[in-house]
Amino acid sequence: MLTEHQTHFSRRSWTEIRLSALRENLRIYKEHCRAEEIMAVVKADAYGHGAAECAHVLAEAGVRLFAVSNIIEAIELRLAGVKGEILILGYTPAEQLPLLTEYDIMQAVVSEADAARIAEKAPEARVQYAIDTGMNRIGLDADDPAACEAVMRKYPLNLCGMFTHLCVADTDTAECRAFTRGQIAKFEAVADRVADMQLPYVHCLNSAGGLWQETKYNRIARLGIVMYGLKPDYANTLPEGIRPVLEWKSVISMVKPLHKGETVGYGRTFTAEHEMLLATVPTGYADGYDRLLSNRGYVLIDGHRAPVVGRVCMDQLTVDVTGLDVEAGDEVVLLGQSGGETYTADDMAQQIGTIGYEIICGITHRVQRKYL
Ligand SMILES: *Cc1c(COP(=O)(O)O)cnc(C)c1O
């Protein structure tokens with residue numbers, strides 16, 4: 001075990017998580033969505049922001065419902081003292097089903113076979129049926145609402161809800177709008193058939209759905225990405241005031257001149273075409289800084305953009321600081337704001353063909369977290 005002194009905060013590579021921004025994003029989102037209640041999605045360690053820390057702040061702000069991806073995440077929240085409802089959105093292996101009642105956690109039922117399994121192994125556990133309305137990932141097939149109803153009535157489960165997941169609610173094209181309307185209609189058809197069960201938790205909206213879609217089952221929105229201040233899709237415009245909760249920072253470890261004709265890094269993928277100034281930053285792909293950003297991404301230093309040159313290494317990367325007045329120890333913004341410049345996880349994602357979700361979930365535990 002390392003001592004507290006050995007593990008105390010070090011200025012190598014760290015995220016700064018502004019919990020006040022999380023609270024503010026929640027407040028603004030609630031003003032813009034029709035849902036009366038928010039289910040805060042804190043899976044994947046709250047998209048890299050720290051599940052327990054975020055859940056506590058959200059609970060203080062009045063959130064009573066939480067969602068995670070699996071039972072380990074759910075138990076971690078309970079052990080951290082989170083009192084609200086916790087729903088596991090995905091699969092739980094048979095041997096862990098008894099833990100659901102032990103920790104008072106709600107479980108998604110992903111299929112009829114899963115219903116049979118849970119009825120046998122954990123009949124007391126509170127469950128919610130996943131309904132598949134077109135994503136084809138988990139759930140009872142809503143194309144046959146009578147069959148869904150039959151399954152929902154057949155198994156002796158402690159049933160307390162049902163939900164579906166929209167897969168193009170963030171995309172504003174005629175085709176996607178029609179598909180989402182179809183998903184919602186299919187969900188409503190199943191929900192209507194079991195209306196007599198008076199399930200307390202009937203929900204179908206994610207971040208995007210809560211902002212832009214209409215349904216009569218809109219009491220609860222499952223809020224993920226927008227709460228963290230990022231966009232479901234790069235083309236989206238978020239409500240005014242919503243901003244990223246997380247910034248990612250590092251420092252310059254050394255500065256050196258790079259002479260014309262010299263190359264940088266593994267594979268010698270960058271060649272100086274003129275005299276340059278190069279800075280090394282002690283953050284790499286083992287920290288979650290994607291290697292696809294090699295010769296493509298940039299960092300912010302004192303309000304300036306410094307392009308990544310050469311390949312991102314496991315623990316370090318190199319940036320072009322030609323013309324900047326910098327020295328070892330200076331702060332480098334990998335994600336966030338510096339002077340008038342902003343570079344968000346959405347911007348970074350756009351450069352390498354992915355989504356902001358993957359960028360923030362990909363920041364590894366080697367990167368220390370600092371809560372502001
Ligand atoms: C992750 C997830 C969400 C949250 O989605 P966002 O786009 O981040 O709002 C909601 N519902 C389900 C089932 C999910 O898996």
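A pocket, on a 1 Å grid over the protein atoms alone, is an open set of points where a 1.4 Å probe fits, with protein on both sides within 12 Å along at least five of seven lines, and its lining residues have an atom within 4 Å of a point. Grid points are joined across faces, edges and corners, and a volume is the space filled by probe spheres set on the points.

This is a predicted model, in which local features need pLDDT of at least 70, side-chain atom pairs count only at pLDDT 80 or more, and totals for chains, interfaces and linings use all residues. Residues are numbered from 1 along each chain as its sequence is written, and side-chain values use heavy atoms, with hydrogens and water left out.

**Exercise 1.** Describe the largest pocket and its lining.

Step 1. The volume of the largest pocket is about 590 Å³. Its lining has 30 residues, and Lys43, Arg137, His165, Leu166 and Asn206 are the closest to the centre.

Step 2. Two or more lining residues come from each of α3 (43-48), β6 (126-132) and α10 (207-212). Helices (H or I, at least four residues) and strands (E, at least two) are DSSP runs, numbered from the N terminus. β6 gives the most, three residues.

Step 3. Sort the lining by class: 16 residues are nonpolar, nine polar and five charged. Here Ala, Val, Leu, Ile, Met, Phe, Trp, Tyr, Cys and Pro count as nonpolar, Asp, Glu, Lys and Arg as charged, and the others, Gly among them, as polar.

**Exercise 2.** Locate the ligand and list its polar contacts.

Step 1. The ligand sits in the largest pocket, meaning that more than half of its atoms lie within 2 Å of the pocket's grid points.

Step 2. Residues around the ligand (a heavy atom within 4 Å) include Val41, Leu89, Arg222 and Tyr357. By class, this shell has five nonpolar, four polar and three charged residues.

Step 3. Look for polar contacts (pairs of N or O atoms within 3.5 Å). Oxygen atoms of the ligand lie 2.6 Å from a polar side-chain atom of Tyr47, 2.5 Å from a side-chain N or O atom of Ser207 and 2.8 Å from a backbone N or O atom of Ile225.

Step 4. The protein buries 92% of the 390 Å² that the ligand exposes when taken alone; accessible areas come from the Shrake-Rupley method with a 1.4 Å probe.

Notes: A polar contact is a pair of N or O atoms within 3.5 Å; within protein, one must be able to donate a hydrogen and the other to accept it, and residues adjacent in sequence count only if both atoms are side-chain atoms.
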